[in-house]
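The following exercises are to be worked with the sequence and the three-dimensional structure at hand. Each task is followed by a solution in steps.

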Amino acid sequence: MSELVIQPERRLTAAEFQQLASVPAAIEWFANIDNPRTRRAYQGDLEDFCSFVGLACAEDFRAVTRAHVLAWRAQLETRGLAGATIRRKLAALSSLFDHLLECNAVAGGNPVHGVKRPKIETNEGKTPALADHQAKALLEAPDPTSLKGQRDRAILAVLLYHGLRREEAAQLMVSDIQERRGIRHLQIHGKGGKLRYVPLHPVAAERLHTYLEASGHHQEHTNAPLFRPLRGPKTGSGISAEGIYALVGQYAKAAGIAVAGLGVHGLRATAATNALEHEADIAKVQMWLGHANISTTRLYDRRGQRPEDSPTFKVHY
């Protein structure tokens, strides 16, 4: 009987080892940002800073001081950028320096710490939220008799009843419908790889059941994407975040909803606003939405700005 010879796995060559060992910490930081839109935004923010300060290579970050950051912030303000944009740019730079410090790539402290960031301009977010009758019209817009319509009715229900981001909805797998303590939940893959579990609303549950029974792809394997494209080659990938964005715009137009700037985030704002108006606890809404800071959740708390409560309607002559 011949002896079994186990072939060792291929190892890195000396040149490949040296190449990977010399990857700058800044490049490593970029690689750890999962969301492609965030990565693009942060890349633009850091290119902005490097261009302003005149940084030519990664090693130049060691010479950056708080004075450089203050000068950049002043220049951003003179360019008339929105406070939220300036806050994001400073947050990107601060996050990079935190990583560089952790990797011992720079010495001293984070030069962004202590630099005052613009206040949020208003307590009310700029993201538009739908009225209840508009949300209902949107939910009923897709054709309930076609497979595409059944899929899209399920997508809109998942968005409007659970306040998901478009990336979160696009990443849902069949296996993310889970039973916890006797109640079906959605397992949400949020920002930064954080998981959260949201109870499945009965309307969304019924629509998901109808869609999956019609498509049958949940019977193939539970690791299949929950929402799949219906056209083109069967690649096994799910509908994209951009596809969900386009879908919302398509059905809003079909339902006669003319709200400027409406997108998937507007449905997230609608869900949060509706929950708060029906006396949901704001701390629980924060966890429900996956917000790291409750101040972000408060942007959706518009109970004090309801038009029907305005003094306008208290005036009688």
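Helices are DSSP runs of type H or I with at least four residues, numbered from the N terminus. The model examined here is predicted.

**Exercise 1.** Determine in which helix Arg 153 is placed, and establish whether Arg 153 counts as buried or exposed.

Solution.
- Step 1. Arg 153 belongs to helix H7.
- Step 2. Buried means under 20% relative accessible area. The relative accessibility of Arg 153 is 15%, so this residue counts as buried.
- Step 3. Setting aside residues up to four places away in sequence, Arg 153 touches Leu 139, Glu 140, Pro 142, Asp 143, Pro 144 and Arg 207.
- Step 4. With one of these residues, Glu 140, the side chain of Arg 153 makes a polar contact of 3.3 Å.

**Exercise 2.** Identify the residues of the largest nonpolar core that touch the most other members, and state which helix gives the most to this core.

Solution.
- Step 1. The core has 48 residues, and those touching the most other members are Leu 138, Leu 156, Leu 159, Phe 227, Ile 244 and Leu 267.
- Step 2. Two or more residues come from each of helices H6, H7, H8, H9, H10, H11 and H12 and from strand S2.
- Step 3. The greatest contribution is that of H7, with seven residues.
- Step 4. Ile 244 may be followed further: beyond its neighbours within four places in sequence, Ile 244 is in contact with Ile 155, Leu 159, Arg 166, Ala 169, Ala 170, Ile 239 and Val 264.
- Step 5. Another core, of 18 residues, lies apart from the largest one and includes Leu 46, Val 69, Phe 97 and Leu 100.

**Exercise 3.** Classify the crossing of H3 and H4 from the angle between their axes, then describe the setting of Asp 48 in H3.

Solution.
- Step 1. The axes of H3 (residues 36–53) and H4 (residues 66–78) come within 10 Å and cross at roughly 110°.
- Step 2. Angles of 65 to 115 degrees count as roughly perpendicular, so H3 is roughly perpendicular to H4.
- Step 3. Asp 45, Asp 48, Phe 49, Phe 52 and Val 53 of H3 meet His 68, Val 69, Ala 71, Trp 72, Gln 75 and Leu 76 of H4.
- Step 4. Asp 48 has a relative accessible area of 14% and is therefore buried.
- Step 5. Not counting residues up to four places away in sequence, Asp 48 touches Trp 72, Leu 76, Arg 79 and Lys 89. The side chains of Asp 48 and Lys 89 are joined by a polar contact of 3.2 Å.

**Exercise 4.** Describe how S2 and S3 pair, and assign the side chains along S3 to its faces.

Solution.
- Step 1. S2 and S3 pair in the antiparallel sense, over five bridges.
- Step 2. The two strands form a hairpin with five residues between them, and Gly 192 in the turn has a positive phi of about 70°.
- Step 3. Ile 188 stands opposite Arg 196 in S3.
- Step 4. Arg 196 and Val 198 point to one face of S3 and are buried, whereas Leu 195, Tyr 197 and Pro 199 point to the other and are not buried.

**Exercise 5.** Establish whether Thr 297 is buried or exposed, and find its side-chain polar contact with His 291.

Solution.
- Step 1. Thr 297 lies in helix H13 (residues 294–298).
- Step 2. Its relative accessible area is 0%, so Thr 297 is buried.
- Step 3. Outside its neighbours within four places in sequence, Thr 297 is in contact with Ile 282, Val 285, Gln 286, Leu 289 and His 291.
- Step 4. A polar contact of 2.8 Å joins the side chains of Thr 297 and His 291.
- Step 5. Gln 286 is 11 residues from Thr 297 along the chain, and their C-alpha atoms are separated by 5.6 Å.

Technical notes:
Residues numbered from 1 in each chain as written. Predicted model: local features only at pLDDT ≥ 70, side-chain atom pairs only at ≥ 80, totals over all residues. Heavy atoms only, no water. Core = buried A, V, L, I, M, F, W, Y, C linked by side-chain atoms within 4.5 Å. Buried < 20%, exposed > 50% of the residue type's maximum accessible area, 1.4 Å probe, protein only. Contact = heavy atoms within 4.5 Å. Polar contact = N/O pair within 3.5 Å; in protein donor to acceptor, adjacent residues only side chain to side chain. Pairing = 2+ DSSP bridges. Axes fitted to C-alpha atoms, helices over the stretch in contact; angles between N-to-C directions. Parallel < 35°, antiparallel > 145°, perpendicular 65-115°, else oblique.
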